Amino acid sequence: MVVGILFSVVSLVGLIGTLCKVTFLLGIYSFIAFLWIVGLIAFTFLVLLVTKDGDYSRWMKGQFANGRNWNNIQSCMVYTHACSSLDTNADLLAQDFYKKKLLPMESGCCKPPVYCGFEFKNATFWVMPESGPEVPDSDCTTWSNEQDKLCYGCKSCKVGVVAGIRSQWRAFSELMCVQIVLVNIIYCISCCTRKNIQSDNSVYYRV
């Protein structure tokens, strides 16, 4: 919201400068637009850098899946009932549920990992085999059918959340690229307008 307000104010400055032919205001607008372009390029590059596979992907995991940040994310998912969307699938049969395309967060946080071998009852209720989980993994024992617990404390939940954030950031970077192109076009127009006004003023003073 703050960025939107600032952009509106800057646009208003550019509009006034164009309509009133005030080169000083157009100069301010052009300078801010230039800084805006540089900031967009730097931010987009950073997003592309941290969302690619490898060391930078591990950086994302360190930022979102560890420590206080993860505790906040986990609390937020519990408070907002992040897995409530699966309640609408409660009457699905097992074979139909497995065919559904779940979001990374839903797959990692709202059901036990497949390798645990839990028995499917419905989309929000799974039963551990009497012999115990098929794999001695902490995620299998962390799972709970209580809606405020589920698999929010599982490693698979962290992986799903980070994968979701990574996907959203990648999509956001594409929008940023479009915005860079648009702002560049506006910047070029403002520069041309400013140059034309300066030329007109120069001719006026000569006369």
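**Disulfides and the largest pocket**

Cys116 has a relative accessibility of 0%, so this residue counts as buried. I start there since Cys116 is one half of a disulfide. Before going on, a reminder that what you have in front of you is a predicted model.

The partner of Cys116 is Cys140, and the S to S distance in that disulfide is 2.0 Å. Where do Cys116 and Cys140 lie? Cys116 is in the loop between helix 6 and strand 1, which covers 119-122, while Cys140 is in helix 7, residues 138-142, so the pair ties together parts that are 24 residues apart in sequence. The torsion about this S-S bond is -90°, and the link of Cys116 and Cys140 is left-handed. Cys140, like its partner, is at 0% relative accessibility and therefore counts as buried.

Next, the total. The structure holds 4 disulfides. If you number the bonded cysteines of the protein chain in sequence order, you get the pairing 1-3, 2-8, 4-5, 6-7.

Another of these disulfides joins Cys109 to Cys157, with 1.9 Å from S to S. Is that disulfide right-handed or left-handed? The torsion about the S-S bond of Cys109 and Cys157 is about 90°, so it is right-handed. Cys109 belongs to helix 6 and Cys157 to helix 8, so this pair ties together parts that are 48 residues apart in sequence. Both Cys109 and Cys157 are buried.

Then there is the disulfide formed by Cys151 and Cys154, where the sulfur atoms are 1.8 Å apart. The S-S torsion for Cys151 and Cys154 is about -90°, so that disulfide is left-handed. Cys151 has a relative accessible area of 0% and is buried. For Cys154 the relative accessible area is 0%, and Cys154 is buried.

Now some cysteines without a bond. Why is Cys20 not bonded to Cys191? The closest cysteine sulfur to that of Cys20 is the one in Cys191, and at 19 Å this is too far for a bond; the cut-off for a disulfide is 2.5 Å between the sulfur atoms. Cys20 has 53% relative accessibility, so Cys20 counts as exposed. Cys192 is in no disulfide either, and its nearest cysteine sulfur, in Cys188, is 6.7 Å away. With a relative accessible area of 46%, Cys192 is partly exposed.

The second topic is empty space. Rolling a probe the size of a water molecule over the atoms shows where such space is left. What is the volume of the largest pocket? The value is about 220 Å³. There are 13 residues lining the largest pocket, and those closest to its centre are Met105, Val161, Gly164, Ile165 and Gln168. Three elements are named as giving two or more residues to the lining: helix 4 (67-79), helix 6 (104-109) and helix 8 (155-206). Which of them gives the most? That is helix 8, with 6 residues. By class, the lining of the largest pocket has 8 nonpolar residues, 5 polar residues and no charged residues.

To connect the two topics: helix 6 and helix 8 both appear among the elements of the pocket lining, and the disulfide of Cys109 and Cys157 has one cysteine in helix 6 and the other in helix 8. That is the end of my part.

Terms used: Residues numbered from 1 in each chain as written. Predicted model: local features only at pLDDT ≥ 70, side-chain atom pairs only at ≥ 80, totals over all residues. Heavy atoms only, no water. 1 Å grid on protein atoms, 1.4 Å probe; cavity = no way out; pocket = protein on both sides within 12 Å on 5 of 7 lines; lining within 4 Å. Points joined across faces, edges and corners; volume = space filled by probe spheres on them. Helix = DSSP H or I, 4+ residues; strand = E, 2+ residues; numbered from the N terminus. Nonpolar A, V, L, I, M, F, W, Y, C, P; charged D, E, K, R; others polar. Buried < 20%, exposed > 50% of the residue type's maximum accessible area, 1.4 Å probe, protein only.
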